[in-house]
Every structure is written in C-alpha cells, then in structure tokens.
Amino acid sequence: MCTYLTEEIPVDGSGKGARGWFGASKAVVYVDHPVHAQYGHTVNIDVLNPQLGPSARVALELTEETALALAEAIQRAIRSAPAGIASGHR
C-alpha cells in the first residue's frame, strides 16, 4: 500500500551521482513501489540538488529492516565520534 507520505528535509553535505560529486541540498524519504529493488514496497531515500538536474541525485531503495538498521548505525556512529566532529563547523 502506498501512503504517498513524503518527508523532505534540507541537507548540507555532498553526494556522488552520475557526473561525480555534487553539493547535496535536499533529502526525500518515502515508502512506495521501488524502481529497481525486487520488493513490493521499499523505503526510498533520495539525496539530491534539484538545481543541478537529475544527474545530481543518489537514490536508495531499502527494505524496512535495512532502513531502520541504517538509521541506528548512523546514530551509533555519531554517538561514538567526538562531540561536534561531524557538525560541519570548521
């Protein structure tokens, strides 16, 4: 079942797309039918820069279990690093 619920957030970072590295400005997360993954539904995560066109996009189609494990792994990695090291402040 497609929920059509989409979460969008601004991001500050980089991604590697079809034409190399690009400055990422947006992330979109939704549950829907995948384009490539062999499942009925997946958690889809797109990191992109809409101003640069479709080649400035990194797309993930993950099972629910994998998406939740990824979210937990991200939190563990941040917690284990020195405070503020990945904050973007130079």
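Two strands are said to pair if DSSP finds at least two bridges between them. Helices (H or I, at least four residues) and strands (E, at least two) are DSSP runs, numbered from the N terminus.

**Before starting.** This is a predicted model, in which local features need pLDDT of at least 70 and side-chain atom pairs count only at pLDDT 80 or more, while totals for chains, interfaces and linings use all residues. Residues are numbered from 1 along each chain as its sequence is written, and side-chain values use heavy atoms, with hydrogens and water left out.

**The whole protein.** Display the full chain as a cartoon. One helix and four strands make up the secondary structure, and along the sequence they follow the pattern β-β-β-β-α. The C-alpha trace spans about 45 × 30 × 20 Å along its principal axes. Of the 90 residues, 24% count as buried (under 20% relative accessible area, with a 1.4 Å probe and protein chains only).

**Strands 1 and 2.** Select residues 6-17, which are strand 1, and then residues 20-32, which are strand 2. The two run antiparallel and are joined by 10 bridges. A hairpin of two residues connects them. Which residue of strand 2 is the bridge partner of Gly17? It is Gly20. Next, Lys16 has Trp21 as its bridge partner. Select Glu7 as well: its bridge partner in strand 2 is Val29.

**Strand 3.** Keep Val29 selected and add residues 42-48, which are strand 3. Val29 has a bridge partner here too, namely Ile45. Seven bridges join strand 2 to strand 3, and these strands run antiparallel.

**The complete sheet.** Now show the four strands together. They form an open sheet in the order 1-2-3-4, with antiparallel pairing. Strand 1 and strand 4 (57-62) each have a single partner strand, so one side of each is left without a neighbour in the sheet. From one strand to the next, the twist averages 25°.

**Helix 1.** Select residues 64-80. This helix packs on the sheet and touches strand 3 and strand 4 (contact means heavy atoms within 4.5 Å). The direction of helix 1 makes about 120° with that of strand 4; axes are lines fitted to C-alpha atoms, for helices over the stretch in contact, and angles run from 0 to 180 degrees between N-to-C directions.

**The largest pocket.** A pocket is an open set of points on a 1 Å grid over the protein atoms alone, where a 1.4 Å probe fits, with protein on both sides within 12 Å along at least five of seven lines; lining residues have an atom within 4 Å of a point. The largest one has a volume of about 450 Å³, taken as the space filled by probe spheres set on the points. Select its lining, which includes Val29, Ile45, Leu60, Glu64, Leu68 and Ile74. Strand 3 and helix 1 are the elements that give two or more residues, and helix 1 gives the most, with six. The lining residues divide into 11 nonpolar, no polar and one charged.

Terms used: Nonpolar A, V, L, I, M, F, W, Y, C, P; charged D, E, K, R; others polar. Buried < 20%, exposed > 50% of the residue type's maximum accessible area, 1.4 Å probe, protein only.
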